[in-house]
Amino acid sequence: MYAADVGPQYEGERIRKNEFQVEFGGPDVSHKGELVTVKGLGEVEHEKITVSGPDLKDLPEGFSGPLFIKVEVAGEELEKDLEAVLERRIHQYINYIEGVFHMAQRYDIWIRIHKNSFKKGLNSLEQIGRILIDLFTAELPVIEKMSVEFITDPAKVQNLLVEALKVYKERDERIKGLREEDVDEFYGCVLCQSFAPTHVCVITPERVSLCGAINWLDGRAATKVDPEGAQFAIPKGNLIDLVNISYDNVNQVVTERSMGETTRFSLHSALSYPHTACGCFEAIVFYIPEVDGFGIVSRDFAGPSVTGDPFSTLAGSASGGKQNEGYLGIGIQYLTSPKFLIADGGFNRVAWMSSALKEAAVENLPPELAGKIATEKDVQNVDELTEFMQNAGRL
Ligand code: SF4
Ligand code: ZN
């Protein structure tokens with residue numbers, strides 16, 4: 001018996017600010033993360049669960065602080081390229097626990113433990129580790145050994161994050177150079193339908209999932225190991241819209257998987273039948289009519305964007321599994337895709353980006369545009385942006 005009930009019925013639960021006993025990560029905590037590493041069978045001590053730093057019972061009510069979840073797995077048939085997909089299951093399985101909420105991924109996680117579950121006895125991260133090991137090994141028999149470490153010590157979290165960022169980057173690099181034209185199938189993911197029941201992610205070699213956690217190679221690895229799981233293959237079919245990039249079979253699969261909510265899906269447009277979003281996106285593209293261009297803001301951007309709306313307000317328009325023209329949730333890696341918003345003009349249409357995102361995209365920015373895309377350091381509102389665009393000769 002666990003200290004809290006466990007099952008998919010708890011997946012959609014939200015825990016509000018005044019309801020949590022303890023919160024880890026989220027927008028107010030700069031250091032947080034989770035990482036799954038595939039190791040050799042001799043290197044993982046099966047079922048070892050460690051808490052390094054203060055545990056739930058040691059922390060004051062309403063506490064908010066750093067956390068790193070380090071998972072190591074081993075198995076005869078377990079391949080390195082499954083790491084990203086396994087890591088995404090941390091999100092899924094933690095949400096299975098009654099009174100525990102998990103959001104986002106990688107360096108961006110946000111976890112809340114409900115006061116009621118804490119009172120009922122969920123007072124150690126070790127209990128969450130036990131549940132994770134049981135769910136992972138039951139659902140994925142390729143995992144023969146698994147250990148989990150929860151680190152709440154701030155200095156340790158910071159060090160682990162530095163190493164993890166290198167790993168995320170390596171994963172992202174592997175996909176570079178592969179084009180949609182080179183492959184016959186894309187991959188879909190419906191893991192987030194527990195929160196956004198009509199949302200479907202379509203992952204192509206040139207379009208990382210909007211959570212940023214699953215690229216095309218990860219999708220392929222996932223379907224090999226668990227064909228019945230949340231990720232599935234989509235034979236792409238025929239390219240029926242050359243401008244917005246839309247494939248007939250992708251449309252059909254999205255129609256089925258979204259229960260008829262979305263029937264046309266552009267892979268590279270924010271304006272015409274855009275890709276839907278759950279709520280996990282790393283960044284949001286939003287249309288600014290005054291300059292006929294886009295702004296792009298990331299989740300960790302504090303304060304209002306150039307239109308005055310902060311990330312959280314824009315997220316309301318971009319999320320929920322519904323197409324909303326002018327709003328597109330994206331993974332940050334999509335900024336480096338050769339097909340980035342190609343239907344709408346790509347970076348030629350981007351007017352404003354938060355400076356951190358502009359840095360992330362810098363290698364993909366046409367050199368002549370680099371100085372002509374404003375950030376929060378250049379302009380504070382749409383009037384100033386209009387002037388900036390005029391001075392840059394873009395309006
Ligand atoms: Fe899957 Fe998309 Fe959710 Fe990522 S955001 S877990 S790819 S449905
Ligand atoms: Zn999601």
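A salt bridge is here a side-chain nitrogen of Lys or Arg within 4 Å of a carboxyl oxygen of Asp or Glu. With that cut-off in mind, and remembering that this is a predicted model, select E87 and R171 as the opening stop: their closest N and O atoms are 2.8 Å apart, and the two residues form a salt bridge. E87 belongs to helix α1 and R171 to helix α4, so the pair ties together parts that are 84 residues apart in sequence. Colouring by accessibility will show E87 as buried, at a relative accessible area of 4%, and R171 as buried too, at 5%. The structure holds 23 salt bridges, and a few others are visited below.

Next, colour the protein chain by its domain assignment, which gives domain 1 as 8-173 and domain 2 as 180-391; the centres of the two domains, taken over C-alpha atoms, are separated by 26 Å. Now display the boundary, where 23 residues of domain 1 are in contact with 22 residues of domain 2. The area buried between domain 1 and domain 2 is about 2,100 Å², with carbon and sulfur atoms giving 56% of it.

Staying at this boundary, look for the polar links: six residue pairs are in polar contact across the interface, both residues of each being at pLDDT 80 or more. On the side of domain 1 that touches domain 2, the elements giving two or more residues are α1 (83-95), β6 (100-103) and α4 (154-174), and α1 gives the most, with seven residues. The count of salt bridges between the two domains is two.

Select D108 and R299 next, whose side chains meet in a salt bridge at 3.6 Å, N to O. D108 counts as buried at 10% relative accessibility, and R299 is buried with a relative accessible area of 17%.

From there, move to E206 and R179, a salt bridge in which the closest N and O atoms are 3.6 Å apart. E206 sits in the loop between β10 and α5 (216-225), and R179 in the loop between α4 and β9, 27 residues away in sequence. Here E206 is buried, at 3%, whereas R179 is partly exposed, at 36%.

Finally, centre the view on the zinc ion (ligand 2), whose protein donors are the SG atoms of C192, C278 and C280, lying 2.1 to 2.2 Å from the ion. C192 lies in the loop between β9 (185-189) and β10 (201-203), and C278 in the loop between α6 (248-257) and β14 (283-288), so this pair ties together parts that are 86 residues apart in sequence. C192 counts as buried at 10% relative accessibility, and C278 counts as buried at 8%.

Methods. Residues are numbered from 1 along each chain as its sequence is written. Chains are lettered from A and ligands numbered from 1 in the order in which they are written. This is a predicted model: local features need pLDDT of at least 70, side-chain atom pairs count only at pLDDT 80 or more; totals for chains, interfaces and linings use all residues. Side-chain values use heavy atoms; hydrogens and water are left out. Donors are N, O and S atoms within 2.8 Å of the metal (3.2 Å for Na, K and Ca); water is not among the atoms, so sites may look incomplete. Helices (H or I, at least four residues) and strands (E, at least two) are DSSP runs, numbered from the N terminus. Buried means under 20% relative accessible area, exposed over 50%, partly exposed in between (1.4 Å probe, protein chains only). Domain bounds come from an automatic or database domain assignment. Contact means heavy atoms within 4.5 Å. Buried area is the accessible area (1.4 Å probe) that two parts lose on being put together, summed over both. A polar contact is a pair of N or O atoms within 3.5 Å; within protein, one must be able to donate a hydrogen and the other to accept it, and residues adjacent in sequence count only if both atoms are side-chain atoms.
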